[in-house]
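Student: Please give me a close look at one part of this model, going strand by strand. After that, put the part in the context of the rest of the chain.

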Amino acid sequence: MYNSAYFQKRYEYIRRLGEGGSACVALVRDRNIKKYWAAKFVRKTGKIFDADSEIETLKALDYHMFPRIVDAFNEGEDICIITDYVDGENLKSYLDREGPLPVQIVIKFYEELLEALIYLHSRSPSILYLDMKPENIMLTKSLEIKLIDFGIARTILTNNKCFGTKGYSPPEQYSNEAIVDEKADVFALSMTIYTLLTGKVPKTDLISQQIAIKNSSKIPHELKKILLKCSDKNPAKRPRPKDILTMLKSMKKGRNTSVVIMLIGAIVVINASILLTVGHNIARKIETDRNLKEMINLSNEHVMDGEYDRDGINIICGYINGGYLDEQSRLLYTYKVALNLFNVQKDYYLAYPYLKQIEKSGYADVSEYLDVCERMKGFSDSKDIIKFFEEEIEENKYNSDKYRRK
């Protein structure tokens with residue numbers, strides 16, 4: 001490895017990025033164009049990874065969420081595949097360090113990953129990713145996600161046991177008799193979303209896992225329904241990616257019209273259009289007031305030293321982003337979430353999108369907070385950010401009291 005004349009002439013080894021199964025990945029630098037790439041070394045005798053298949057798959061892809069292949073060659077006992085280097089952190093590492101992600105961000109990632117699957121499944125022949133899990137999703141410094149590691153990606157399989165990760169991969173991926181098709185990726189993505197929301201690895205027993213989804217306090221009710229459908233044992237009953245996108249869109253708009261129907265049934269219709277409008281407004285008011293009380297009760301169980309912990313913030317985010325609050329309450333709690341992420345959690349990257357939502361809402365000092373967050377974007381990790389912040393306070397460039405909740 002790293003010793004062939006071709007490799008030595010063309011690339012400079014920098015450091016190892018990771019390894020698993022029959023492959024390892026290193027960061028390398030192109031000696032000619034001075035650019036960094038990811039070099040994946042796959043054992044020719046490996047039973048899990050098929051280097052030739054991965055090369056063909058990557059060659060066929062042209063999508064912004066996937067790395068491009070730029071070179072491939074024999075390297076001793078390995079085949080070396082050179083692709084774009086994604087400068088960031090995989091979501092498993094992020095979750096291990098920071099805990100579950102806010103619901104709004106998870107839904108955004110869910111939609112983007114569904115779009116990626118639609119692209120893969122629309123190829124001819126259809127490409128199955130087959131290994132969706134947090135550690136194969138990279139979060140870049142610009143807060144974009146990229147899907148990496150196409151080592152076990154295949155076209156549709158029949159009567160052929162393939163590989164994946166227990167808990168994330170569906171039952172049919174471990175059966176010699178079952179057909180493995182696009183619905184396998186739907187299952188694995190639903191388990192990945194479960195992990196992003198809860199911080200927990202899916203159970204390998206499907207019945208136990210579905211119970212865990214139903215009982216989780218960190219997953220909004222409507223999203224639970226989607227995840228349960230997507231993790232059905234029967235692949236034929238799982239929805240297609242484009243149908244899941246439609247469900248997510250409806251969920252975000254989601255308004256409960258049951259109260260409206262009761263009102264209409266109880267009142268003599270004098271003017272149908274006026275009644276529908278009034279009834280809908282009354283129903284919406286009743287619903288949002290109930291949701292607000294429910295959110296406050298749940299989140300108050302996660303207060304330490306007068307501040308919400310990360311679970312409390314996740315609960316509030318679920319109500320904010322699920323469309324369960326009236327506009328005034330949504331703005332107020334978006335502001336509270338932004339201040340908590342900035343001042344308490346010190347998670348400036350996640351505070352930024354919430355601050356952007358209320359940039360023109362009139363809440364105090366939002367522009368100053370955004371200015372600090374903008375300055376943070378160029379730093380490589382949270383330690384650099386905190387150091388910068390402390391230096392700014394030390395030099396009195398900002399009033400330190402502004403960045404501490406009272």
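Tutor: Two strands are paired if DSSP finds at least two bridges between them. Strands (E, at least two residues) and helices (H or I, at least four) are DSSP runs numbered from the N terminus. The model is a predicted one, in which local features need pLDDT of at least 70 and side-chain atom pairs count only at pLDDT 80 or more, while totals for chains, interfaces and linings use all residues. Residues are numbered from 1 along each chain as its sequence is written, and side-chain values rest on heavy atoms, with hydrogens and water left out.

The part to look at is the open sheet of 5 strands, whose order is E1-E2-E3-E5-E4 with antiparallel pairing. Strand E1 (11-20) and strand E4 (69-75) are at the edges; each has a single partner strand, so one side of each lacks a neighbour in the sheet. Neighbouring strands are turned against each other by 25° on average, direction ignored. Axes here are lines fitted to C-alpha atoms (for helices, over the stretch in contact), and angles between N-to-C directions run from 0 to 180 degrees.

Start at the E1 edge. E1 runs antiparallel to strand E2 (residues 23-30), and 8 bridges join the two. Tyr11 stands opposite Asp30 in E2, and Glu12 stands opposite Arg29, also in E2. Glu19 belongs to E1 as well. With a relative accessibility of 61%, Glu19 counts as exposed (over 50% is exposed, under 20% is buried, and anything in between is partly exposed, with a 1.4 Å probe and protein chains only). In space, the C-alpha of Glu19 is 9.2 Å from that of Phe41, although the two residues are 22 apart in sequence.

E2 comes next. This strand is mostly covered, with 6 of its 8 residues buried. E2 and strand E3 also run antiparallel, joined by 7 bridges, and Val28 has Trp37 in E3 as its bridge partner. The hairpin of E2 and E3 has 5 residues between the strands, and within this hairpin Lys34 takes a positive phi near 60°. In a regular strand, side chains alternate between the two faces of the sheet.

A helix accompanies the other strands. Helix H2 (residues 51-59) lies across E3 (36-43), E4 and strand E5 (78-84), and runs at about 20° to E5.

For context, there is also an open sheet of 3 strands, with the order E6-E7-E8 and antiparallel pairing. Its edge strands, E6 (88-90) and E8 (145-147), each pair on one side only. The twist from one strand to the next averages 30°. E6 pairs with strand E7 (residues 137-140) over 3 bridges, in the antiparallel sense, and Asn90 has Met138 of E7 as its bridge partner. Helix H3 (residues 91-98) packs on this sheet and touches E6 and E7, its direction making about 80° with that of E6.

Further along the chain, helix H5 (residues 183-198) packs with helix H7 (residues 221-230) at an angle of about 145°, their axes 8 Å apart. On the H5 side the contact (heavy atoms within 4.5 Å) is made by Val186, Phe187, Ser190, Ile193, Tyr194 and Leu197, and on the H7 side by Leu223, Leu227 and Cys230. Glu222 also has its place in H7. At 31% relative accessibility, Glu222 counts as partly exposed. Apart from neighbours within four places in sequence, Glu222 is in contact with Met251 and Tyr324. The C-alpha atoms of Glu222 and Met247 are 9.0 Å apart, with their positions 25 residues apart along the chain counted as separation.

The protein chain as a whole has 15 helices and 12 strands. Of its 406 residues, 48% are buried. Among contacts between residues at least 6 apart in sequence, 59% join residues at least 24 apart.
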